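Here are a few friendly exercises to work through with the structure open beside you. Try each task before reading its solution.

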Amino acid sequence: MKIFITGGTGFIGRNLIDFYCDEEIFQYKRGSDLADDLKYFKPDLIINSAAEIYKSELMWEPNVLMVLECLNYVRSNPNTKMIQIGSSAEYGPMPRATNEQDRINPVDIYQATKGAATLLCQGYARNYGLNIKIARPYSVYGKFERPHRLFPRLWRAFRLDQGMKLYQGYHDFIYINDFVRGIDYIVRNDSTPAGDIINFGSGVQYSNFEVLELWEKIFGYSAQVDVITTMAKSYESEVWVCDTSYARQKYDFEIKYDLEQGIKDFIEVADYHEENV
């Protein structure tokens with residue numbers, strides 16, 4: 001299988017490249033001509049994991065226009081599959097577990113641009129009968145995470161005695177090994193509807209302070225963590241959890257790593273490589 005991956009230098013993209021290492025892969029590099037690269041490589045599958053998460057003024061091109069470029073290629077080459085890596089953030093704050101039938105309710109530019117990309121994917125898939133699916137991950141963690149993220153910072157706090165601040169927050173964590181396996185479930189399943197959305201989470205919510213308690217349990221001691229009882233952003237929700245029933249029923253997908261198992265594996269990988277911390 002020939003797989004065209006965007007965002008290959010990012011957290012999810014690098015793990016996808018590792019997972020599909022036995023396939024023929026084209027790693028798109030930002031700044032190259034996307035349309036020309038697609039025409040040259042002629043992929044069987046496009047996985048779009050590219051996104052700008054932090055700088056709102058830079059989000060339009062990678063979060064929307066790149067998606068549109070990929071969609072136009074698939075429209076002209078309808079035997080090509082496409083997986084769009086969306087985000088659970090598209091739902092916005094909700095008082096309960098979110099499911100695939102919930103409408104998007106963005107409260108910032110990132111959420112809005114990711115939601116716009118999802119709608120484009122659904123429109124193209126349904127209007128032109130294309131094999132395009134949208135994977136919405138919740139809080140993914142694991143190898144190749146950026147150093148500023150929660151788990152790398154906790155690893156440095158416990159292993160390197162580097163102090164850190166920890167704000168309150170609520171997440172449904174899914175280990176990267178489970179998530180990339182979930183992507184492959186979508187790739188291998190052609191019987192579900194065009195434009196299908198699939199949530200990927202554990203179905204269990206943890207507060208940041210509960211996460212810290214798990215790290216303390218695993219290490220057997222406390223680290224220099226300054227606990228701050230408020231949330232980092234005023235609009236963050238006290239509920240952020242995935243309804244996993246659709247992925248389980250339609251794709252037979254269930255996670256293999258609970259949070260404690262995932263943290264232990266993360267620590268083992270970080271201790272050995274130190275490349276994601």
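## Exercise 1: Two helices that cross

Helix α1 (residues 11-19) packs against helix α6 (residues 176-188) at an angle of about 65 degrees, and their axes are 10 Å apart. Please keep in mind that this is a predicted model.

**Task.** Work out how α1 and α6 are oriented to each other, and find which residues of the two helices meet.

**Solution.**

1. Start with the angle, which is about 65 degrees. Angles of 65 to 115 degrees count as roughly perpendicular, so α1 and α6 are roughly perpendicular to each other.
2. Next, look at the handedness: α1 passes α6 in a right-handed crossing.
3. Now find the residues that touch. From α1 come Phe11, Ile12, Asn15, Leu16 and Phe19, and they meet Ile176, Phe179, Val180, Arg181, Ile183 and Asp184 of α6.
4. Finally, sort these residues by class: 8 are nonpolar, 1 is polar and 2 are charged.

## Exercise 2: Another pair, another angle

**Task.** Describe how helix α3 (residues 60-76) packs with helix α4 (residues 109-128).

**Solution.**

1. The angle between α3 and α4 is about 10 degrees, with 9 Å between their axes.
2. Angles under 35 degrees count as roughly parallel, and that makes α3 roughly parallel to α4.
3. On the α3 side, the contact is made by Asn63, Val64, Val67, Leu68, Leu71, Asn72 and Arg75. On the α4 side, the residues include Tyr110, Ala117, Leu120 and Tyr128.
4. By class, the contact of α3 with α4 divides into 11 nonpolar, 3 polar and 2 charged residues.

## Exercise 3: Helix α9 and its partners

**Task.** Find which residues of α5 and α9 meet, and then which residues are in contact with Asp265, leaving aside its neighbours within four places in sequence.

**Solution.**

1. Helix α5 (residues 150-159) and α9 pack at about 65 degrees, their axes being 11 Å apart. That makes the two helices roughly perpendicular.
2. The crossing of α5 past α9 is right-handed.
3. Phe151, Pro152, Trp155 and Arg159 of α5 meet Leu259, Ile263, Phe266, Ile267, Ala270 and Asp271 of α9. This contact has 8 nonpolar, no polar and 2 charged residues.
4. Asp265 lies in α9, which spans residues 259-273. Beyond its neighbours within four places in sequence, Asp265 is in contact with Tyr175, Asn177 and Tyr257.
5. For a sense of distance, take Glu57, which is 208 residues from Asp265 along the chain: the C-alpha atoms of the two are separated by 36 Å.

## Exercise 4: Looking for empty space

**Task.** How many cavities of 30 Å³ or more are there, and which residues line the largest cavity?

**Solution.**

1. The count comes to 1 cavity of 30 Å³ or more.
2. The largest cavity holds about 40 Å³ of space.
3. Its lining is formed by Gly92, Met94, Arg96, Thr98, Tyr138, Val239, Trp240 and Val241.
4. Sorted by class, the lining has 5 nonpolar, 2 polar and 1 charged residues.

How values were computed
Residues numbered from 1 in each chain as written. Predicted model: local features only at pLDDT ≥ 70, side-chain atom pairs only at ≥ 80, totals over all residues. Heavy atoms only, no water. Axes fitted to C-alpha atoms, helices over the stretch in contact; angles between N-to-C directions. Helix = DSSP H or I, 4+ residues; strand = E, 2+ residues; numbered from the N terminus. Parallel < 35°, antiparallel > 145°, perpendicular 65-115°, else oblique. Left-handed = near helix turned anticlockwise from the far one by under 90°. Contact = heavy atoms within 4.5 Å. Nonpolar A, V, L, I, M, F, W, Y, C, P; charged D, E, K, R; others polar. 1 Å grid on protein atoms, 1.4 Å probe; cavity = no way out; pocket = protein on both sides within 12 Å on 5 of 7 lines; lining within 4 Å. Points joined across faces, edges and corners; volume = space filled by probe spheres on them.
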